[in-house]
Amino acid sequence: MIELPLRLGPLCADGYNISRSGIRWLIQPGQYCRANQIFAYCNISLEPTGIRMSGPPPFAEEMELQVAFAARAAGRILGGAGAERGGYLSIRSVDVWDAGAVIAYIEAEAEPDVDLERLRLLMLAGRRMTGLADVHTGLLPGWHGRTRGWWCDEGEMPVSLLSLGICDATGVVIGEQCAFVEMFEAATAPTQMVFVPDHPLAPATPVLLDQLERKPAQFQAIATDMHRFLSDSTLAPTADDWMVSGALLSVLQRSPIQDSYSLLTPSGTVRTEPADAVLLSLSSEPQSILRHKSLGYHVQILRHHQAAAGPVFRAWLGSAFETVKRSIDDIHSDYLRLLDAMQAATGARALVINRMSTSGYEDISSYSLFDAPMSGTLSSIAAKELNLMLHDIAEHRDLVIIDVDAIAADLGGAEHLPDGIHQSGPIQAALRVEILHALEDLRPKMQLK
Amino acid sequence: MIYGFRLPTINPHMSGARIECIYAEPGNALKIGSKLFDLGVDLSSAFAQECPPISFFRVVLREPVFLRKLNVARGQLCELGELVALFSNEADESLSAAPVRDIRLTVAGIIHHDGLWTGNVA
């Protein structure tokens with residue numbers, strides 16, 4: 001057993017100095033940590049060096065910038081003297097990033113070929129839904145319209161995955177602390193995870209297609225129409241009406257599939273292309289969706305999120321939109337259109353989490369009791385037909401099926417997927433392995449860029 | 001003979017269910033395959049929760065009977081084991097006797113639809 005200092009290691013931003021706050025601990029002193037387990041973090045900011053860089057500054061939209069730390073080997077972690085500054089000095093960036101600074105010590109077994117003294121860095125960035133959402137504690141705190149985490153060593157280019165799913169994708173990607181720490185621990189290869197939440201718009205394929213194809217003039221027409229309804233309503237809009245309307249407008253004007261990203265790396269700032277892969281949930285495809293009567297765009301707001309709106313917003317949904325039924329053939333067609341549009345816009349590969357298609361809570365002894373088409377009524381039949389639809393698509397498109405149906409059946413659905421959508425930790429861990437495996441296939445292409 | 005329908009344990013974590021739809025009325029002669037109720041099982045019903053784990057189930061008859069009495073209304077929450085309805089073999093059989101057994105039925109998971117109480121009335 002040896003005791004070694006844990007040093008920050010290099011981190012650079014072209015044209016900027018990196019400043020950091022004091023260290024904030026996520027463990028007790030002397031706690032044993034697994035290799036790659038995040039145990040502390042700090043906030044960072046970028047200060048111009050005086051050299052003017054062309055274009056907008058990196059991370060201009062991302063007010064949350066943090067770095068979290070893990071050791072490269074398992075061992076007992078002890079805090080370095082003075083690493084934590086306390087008070088606002090553990091929130092505000094007060095120290096210059098010094099690659100040689102020691103923030104902790106580790107008692108570990110010596111491992112040849114591993115630079116134990118150098119910390120692994122998990123970089124975190126959050127784009128707030130509103131600038132008001134400033135929360136000062138924890139990893140990626142506050143309310144974000146997009147969060148991301150990435151990790152790499154010198155000269156490495158991360159492969160990027162954008163998560164556009166609902167709960168069955170969310171927990172797998174962002175994990176229990178909502179900061180990608182499980183993904184970071186599972187993948188030591190250079191990777192970026194990007195997460196866009198399912199509120200206020202759930203990522204059904206018609207919604208994502210609209211976002212990909214929407215022109216600025218069309219967005220302006222949507223904003224004008226929404227403003228007119230809220231202003232002309234006989235009821236006075238409540239604060240909830242305005243907040244949900246604002247959040248919806250914020251999301252409608254973006255197309256996350258086309259976002260490109262700035263990355264801080266040990267070698268300097270890197271600007272990346274849009275995500276190499278996009279993770280979708282088959283469970284986010286509804287059998288009916290709202291379409292605006294005159295402007296033709298779609299919205300899909302999950303029922304529990306609609307409850308956040310006030311009466312005027314709900315009246316707008318009820319009067320300005322019509323409900324459009326979607327058969328499995330319609331969903332199939334929407335998937336093909338989305339995959340083709342993604343391929344044309346960014347070349348991203350689609351990863352799709354399929355649906356759990358069996359339930360231990362049923363006791364169907366005869367299907368003759370149910371009217372055809374049974375996929376219009378029975379959730380297990382609908383799930384099986386949708387799962388088969390994915391296989392049909394995968395024959396002809398770059399689509400990887402993340403098979404939660406098989407994994408849950410293997411581990412036990414009643415124990416690990418009690419409502420068919422919200423998974424246990426073991427299922428999430430298994431799904432992470434599948435997702436990371438699907439990304440491995442993309443890495444050789446990345447090296448060629 | 002008199003039969004009862006008591007709210008069954010569909011999911012081991014549930015404490016009750018909501019009557020989402022009622023498809024029959026007292027006096028109706030019901031066949032095998034007749035729909036009786038749609039139920040909503042909300043595992044977070046004890047407190048408000050983001051993305052509540054709600055599942056919907058349809059209860060379908062597996063024997064021909066007359067529906068004689070309904071003890072619930074649409075939207076009502078029922079507890080496990082609560083006597084929801086009474087049935088008989090004959091249309092005018094006296095209900096004074098206790099149910100001899102539970103009615104034979106099938107429970108199947110269903111997709112949310114416009115006729116459900118949750119998401120439409122609620």
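## Contacts, burial and pairing in a predicted model

Q: Which residues is A:Arg443 in contact with, leaving aside its neighbours within four places in sequence, and what makes them count as contacts?
A: A:Arg443 is in contact with A:Val159 and A:Ala189 when those sequence neighbours are left aside. They count because the C-beta atoms of each pair, placed from the backbone, lie within 7 Å, which is the definition of a contact. This is a predicted model, in which local features need pLDDT of at least 70 (pLDDT being the predictor's confidence in each residue, from 0 to 100) and side-chain atom pairs count only at pLDDT 80 or more, whereas totals for chains, interfaces and linings use all residues. Residues are numbered from 1 along each chain as its sequence is written, while chains are lettered from A and ligands numbered from 1 in the order in which they are written.

Q: Why is A:Arg443 assigned to one burial class and not another?
A: A:Arg443 has 15 C-beta neighbours inside 10 Å. A residue is buried if 20 or more other C-beta atoms lie within 10 Å of its own, exposed if 12 or fewer, and partly exposed in between, so A:Arg443 counts as partly exposed. A:Arg443 lies in helix α13 (residues 443-448) of chain A, and its C-alpha is 9.3 Å from that of A:Pro190, although the two are 253 residues apart in sequence.

Q: How do you know whether A:Leu161 is buried or exposed?
A: A:Leu161 has 27 other C-beta atoms within 10 Å, which meets the cut-off for a buried residue, and therefore it is called buried. Not counting residues up to four places away in sequence, A:Leu161 touches A:Met193, A:Val194, A:Ala275, A:Ala277, A:Leu279, A:Ile435 and A:Leu439. A:Leu161 is found in strand β12 (residues 159-163) of chain A; a strand is a DSSP run of E of at least two residues, a helix is a run of H or I of at least four, and both are numbered from the N terminus.

Q: Why is helix α3 of chain A called largely enclosed?
A: In helix α3 (residues 205-213) of chain A, 7 of the 9 residues are buried, so the helix is largely enclosed by the rest of the structure. The buried residues of α3(A) are A:Thr205, A:Pro206, A:Val207, A:Leu208, A:Leu209, A:Asp210 and A:Gln211, and they pack against β17, β18 and α8 (328-345) of chain A.

Q: What makes helix α1 of chain A count as largely enclosed, and what follows it?
A: In helix α1 (residues 167-174) of chain A, 7 of the 8 residues are buried, so this helix too is largely enclosed by the rest of the structure. Among the buried residues of α1(A) are A:Asp168, A:Val172 and A:Ile174. The helix is followed by A:Gly175, whose phi is positive, near 75 degrees.

Q: What makes β17 and β19 of chain A a strand pair?
A: Two strands pair if DSSP finds at least two bridges between them. Strand β17 (residues 288-292) of chain A and β19(A) are joined over 5 bridges in the antiparallel sense, so they satisfy that definition. One of the bridge partnerships sets A:Leu290 against A:Thr323 in β19(A). In general, strands of a sheet pair through backbone hydrogen bonds, either parallel or antiparallel.

Q: Why are certain strands of the open sheet of 3 strands called edge strands?
A: The sheet has the order β18-β17-β19 (chain A), with antiparallel pairing. Its edge strands are β18 (298-299) and β19 (321-325) of chain A, and each of them pairs on one side only.

Q: How do you know whether the radius of gyration of chain A agrees with a compact globule?
A: The radius of gyration is taken over C-alpha atoms, and the globule rule is 2.2 Å times the number of residues to the power 0.38. For 449 residues the rule gives a value near 22 Å, and chain A has 24 Å, which agrees. Of those 449 residues, 43% count as buried.

Q: What makes up the side of chain A that touches chain B?
A: The contact takes 21 residues from chain A and 19 residues from chain B. The largest share of the chain A side, 3 residues, comes from α9(A). That side divides into 7 nonpolar, 10 polar and 4 charged residues, where Ala, Val, Leu, Ile, Met, Phe, Trp, Tyr, Cys and Pro count as nonpolar, Asp, Glu, Lys and Arg as charged, and the others, Gly among them, as polar. The model scores ipTM 0.85 and pTM 0.91.

Methods. Two residues are in contact if their C-beta atoms, placed from the backbone, lie within 7 Å.
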